[in-house]
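Me: I am new to this structure. Please take me through it in short steps.

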Amino acid sequence: MIQKYVFGNPFDTEAVVKEIPEEPIGEGGIPHLTMADGNVFSYRMDDGDVIYGLGENVRGINKRGWLYISRCTDDSHHQEDKHSLYAAHNFFIVDGRERFGVFVDTPGRVSFDLGYTDRRMLTVTVEAGGFVLYILEDDSLREMVRQFRKLTGRSYIPPKWAFGYCQSRWSYETADEVREVVRRHRENHVPLDSVCLDIDYMERFKDFTVDEEKFPDFPEFVKEMGEQNIHLVPIIDAGVKVEEGYPVYEEGVKNGYFCRREDGSEFVCGVWPGRVHFPDMLNPDARRWFGDWYRVLLDQGIEGFWNDMNEPAMFYEEGHLEEVLDEVEKFKGTNIGIYEFFDWQKLVESVHNNPGDYEKFYHQTPAGRIRHDKVHNLFGYNMTRAAGEAFERLSPDRRILMYSRSSYIGMHRYGGIWTGDNYSWWSHLLMNLQMLPGLNMCGFLYTGADLGGFGSDTTEDLLLRWLELGIFTPLMRNHSALRSRRQEYYQFGSEDDFRNIIGLRYGLLPYIYSEFMKAALTDDMMFMPLAFVYPEDSEAAGVEDQLMAGESIMIAPVYKQNAAGRYVYLPEEMKLYRMRSVTDMDTEVLPAGHHYVKAALNEVLVFLRPDHIVPMSCGGESVADVEGSKLRLLHFVKNQAVYDLYDDDGYSRNTDLEKSLTGITVDRDGTVKVNGEFAADRVLTI
Ligand code: GLC
């Protein structure tokens with residue numbers, strides 16, 4: 001059941017696609033919640049209550065005990081003291097004495113005090129403007145999420161090649177450098193499907209241009225890569241360079257498609273290209289115009305993109321920069337005391353993404369002119385929507401890969417997300433795992449973190465362990481920052497281990513793709529906290545470092561340096577596969593309960609549920625190589641194990657769930673049937 005309550009005169013975020021009638025805010029108020037005033041509501045929590053959701057955020061699977069603020073922020077320091085990351089995902093579920101979900105649909109800043117001020121109180125404050133509140137109820141957590149996802153529409157589906165391994169780096173500066181990356185993978189048979197092009201492929205960071213000197217004859221280069229089953233994935237940034245003669249800039253100015261100041265002049269700030277304008281992503285005409293520009297690269301053979309800096313990030317705004325420079329000047333020649341020094345430091349830092357600068361420009365929306373800060377959380381969403389809608393027009397038959405940094409619920413219909421600039425820290429490996437269920441709840445199924453860590457220097461063991469989680473995430477991308485230690489597999493010694501671990505992703509591809517597609521087409525989750533599958537198990541709700549990954553398995557990656565294994569909680573008897581490669585694994589049946597399980601640096605732990613199957617392939621060096629017709633089945637049969645395998649051509653937009661499913665059964669005596677027929681020649685059981 002979903003109930004809808006409208007407060008004030010909310011801006012339509014278009015997050016919700018389903019019409020549902022509005023409830024009066026009557027005498028009884030809103031079920032479960034106490035209203036303090038028009039935009040603050042609270043709930044008194046029971047000691048055992050758990051809170052799931054809020055998508056992209058720091059801290060654990062259970063979100064209780066911290067203050068989260070929805071305000072899309074370009075902040076690369078994802079430590080646990082942060083309140084906001086790049087996204088605003090305002091959906092959560094309280095599970096305990098009562099079980100209900102809450103979606104706060106509003107484009108501005110919202111704070112979620114989940115037992116931070118008072119351990120027992122949950123308080124949500126919508127800081128400005130009207131909002132729509134949705135309250136969901138269901139006996140099952142998973143069903144409640146499904147209802148929410150039906151409300152907000154089907155999740156984005158990328159092409160199948162986007163489930164292959166991606167090697168990325170800020171930046172591969174030339175075509176030859178990219179060729180070298182590809183050569184090192186292909187020569188040593190380490191699988192690879194794509195290479196990202198970061199900002200340096202552009203001509204002086206101008207969107208929809210290619211630097212002809214560093215990437216000569218780009219269409220030919222794209223083709224050459226394509227012949228090796230490699231897709232190039234260029235980045236697109238939110239800011240458009242201010243430069244006479246640059247057509248994107250000139251057209252935008254001519255048509256009034258950029259965000260403006262109060263006096264009507266175009267708003268200027270500084271990002272990679274220097275002075276930029278922001279396209280008015282909330283103006284449908286500007287959105288269509290910006291989206292059409294992707295054609296320039298689609299026409300050169302590109303089939304995937306990533307949208308960046310779309311919170312939108314600002315390095316500086318000239319007016320504020322001047323003020324800061326004036327203030328800084330005053331310190332010159334003075335004897336700076338330590339507190340003044342701290343103030344000075346703060347002042348200098350305030351140049352970057354200064355909240356006041358977001359009040360200096362306006363959008364021309366269908367609901368009229370509106371100041372940016374009031375609709376801030378919708379910018380990245382609408383940039384990606386611009387692209388997603390354009391792809392439907394420009395590539396009506398083939399899916400195009402798209403993932404964004406900033407997002408709001410609703411954007412999940414147009415693209416996936418990567419979780420931004422993490423660090424090469426073990427704690428960020430764990431954070432990657434802990435974020436996945438919340439992201440799935442909010443509709444973001446195509447997602448992944450920068451494997452190995454983006455900022456700072458990675459180590460070989462961290463990269464290996466992180467890849468051991470990354471083989472399960474739909475987006476599997478190794479990405480790192482300029483000036484950090486290089487982290488392509490060949491920077492380290494254990495070539496065989498990297499080949500085998502990355503190879504496992506290709507072995508698991510039939511399962512990963514099936515689980516992703518079934519989740520997308522039935523509005524389900526792919527990664528779930530244990531309590532979503534074992535609601536009666538009181539210990540399951542406290543597990544913070546294991547996940548159910550699809551319907552058949554539980555994953556429990558090692559996330560501590562030098563650990564030879566880890567403690568794992570099994571809610572039921574399971575069959576452990578300790579995998580070293582597609583063909584090298586040992587198995588052991590473990591009873592329900594707590595175990596210490598060994599996992600060497602080159603081993604992945606997969607826990608298979610009773611009467612379940614994991615269909616694997618024999619591997620491949622690219623997704624196109626993976627043969628769907630020969631399967632290796634992991635199975636744990638008590639009575640009969642059943643699996644619905646999904647497969648399709650990997651690119652058509654029109655997907656038909658029923659027609660794409662193959663039913664597989666394994667009986668207790670080992671008999672395997674595919675769609676009811678004996679299939680000994682097609683499958684090998686393991
Ligand atoms: C941002 C992105 C990062 C990218 C860099 C340069 O920090 O989050 O992924 O490499 O910009 O474009």
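**Questions and answers**

Me: What does Glu 180 count as, at 30% relative accessibility?
Reply: This is a predicted model. Buried needs under 20%, and exposed needs over 50%. Glu 180 has 30%, so Glu 180 counts as partly exposed.

Me: Which residue forms a salt bridge with Glu 180?
Reply: The closest N and O atoms of the pair are 3.0 Å apart. A salt bridge needs them within 4 Å. The partner counts as partly exposed too, at 34% relative accessibility. The partner of Glu 180 is Arg 183.

Me: How many residues apart are Arg 183 and Glu 180?
Reply: Both lie in helix H2, residues 175-187. About one helical turn separates them. Along the sequence, the two are apart by 3 residues.

Me: How many salt bridges does a search of the whole structure find?
Reply: The pair of Arg 183 and Glu 180 is one salt bridge. The search covers the whole structure. The count is 55.

Me: How far apart are the closest N and O atoms of Arg 146 and Asp 524?
Reply: These two form a salt bridge. The cut-off is 4 Å. Their closest N and O atoms are apart by 2.8 Å.

Me: How many residues apart in sequence are the parts that Arg 146 and Asp 524 tie together?
Reply: Arg 146 lies in helix H1, residues 141-152. Asp 524 lies in the loop between helix H12 (495-521) and strand S27 (527-528). So the pair ties together parts whose separation in sequence is 378 residues.

Me: Is Asp 524 buried or exposed?
Reply: Buried means under 20% relative accessible area. Asp 524 has 7%. Therefore Asp 524 counts as buried.

Me: Which strands hold Glu 588 and Arg 578?
Reply: Glu 588 forms a salt bridge with Arg 578, with closest N and O atoms 3.8 Å apart. The pair ties together parts that are 10 residues apart in sequence. Glu 588 is in residues 585-590 and Arg 578 in residues 574-579, which are strands S32 and S31.

Me: Which of the two, Glu 588 or Arg 578, counts as buried?
Reply: The cut-off for buried is under 20%. Glu 588 has 34% relative accessibility and counts as partly exposed. At 13%, the buried one is Arg 578.

Me: Which residues are linked with Arg 578 and Glu 588 in a network of salt bridges?
Reply: The two form a salt bridge with each other. They also belong to a network. The others linked in it are Arg 580, Asp 584, Asp 586 and Glu 603.

Me: Which residues have the most contacts inside the largest nonpolar core?
Reply: In soluble globular proteins, nonpolar side chains tend to be buried together. Here the largest nonpolar core has 231 residues. H12 gives the largest share of this core, 15 residues. Those with the most contacts inside the core are Leu 133 and Phe 607.

Me: What is the volume of the largest pocket?
Reply: Its lining has 16 residues, with Thr 73, Asp 75, His 352, Asn 353 and Pro 355 nearest the centre. By class, the lining has 2 nonpolar, 7 polar and 7 charged residues. The volume is about 550 Å³.

Me: Which helix and which strand each supply at least two residues of the lining of the largest cavity?
Reply: The largest cavity has a volume of about 70 Å³. Glu 603 is one of its lining residues, and it is also in the network of salt bridges. By class, the lining has 9 nonpolar, no polar and 2 charged residues. The two elements are helix H11 (460-470) and strand S34 (604-608).

Me: Where is Ser 171 found?
Reply: Most residues other than glycine have a negative phi, and most peptide bonds are trans. A cis peptide bond joins Trp 170 and Ser 171, with omega about 5 degrees. Ser 171 is found in the loop between strand S12 (165-167) and H2.

Me: Is Asn 562 buried or exposed?
Reply: Asn 562 has a positive phi near 65 degrees, though not a glycine. Its place is the loop between strand S29 (553-555) and strand S30 (565-570). Exposed means over 50%. Asn 562 has a relative accessible area of 72%, so it is exposed.

Definitions and conventions. Residues are numbered from 1 along each chain as its sequence is written. This is a predicted model: local features need pLDDT of at least 70, side-chain atom pairs count only at pLDDT 80 or more; totals for chains, interfaces and linings use all residues. Side-chain values use heavy atoms; hydrogens and water are left out. A salt bridge is a side-chain nitrogen of Lys or Arg within 4 Å of a carboxyl oxygen of Asp or Glu. Helices (H or I, at least four residues) and strands (E, at least two) are DSSP runs, numbered from the N terminus. Buried means under 20% relative accessible area, exposed over 50%, partly exposed in between (1.4 Å probe, protein chains only). A nonpolar core is a set of buried Ala, Val, Leu, Ile, Met, Phe, Trp, Tyr and Cys residues joined through side-chain atoms within 4.5 Å. On a 1 Å grid over the protein atoms alone, a cavity is a set of points where a 1.4 Å probe fits but cannot get out, and a pocket is an open set with protein on both sides within 12 Å along at least five of seven lines; lining residues have an atom within 4 Å of a point. Grid points are joined across faces, edges and corners, and a volume is the space filled by probe spheres set on the points. Ala, Val, Leu, Ile, Met, Phe, Trp, Tyr, Cys and Pro count as nonpolar, Asp, Glu, Lys and Arg as charged, and the others, Gly among them, as polar.
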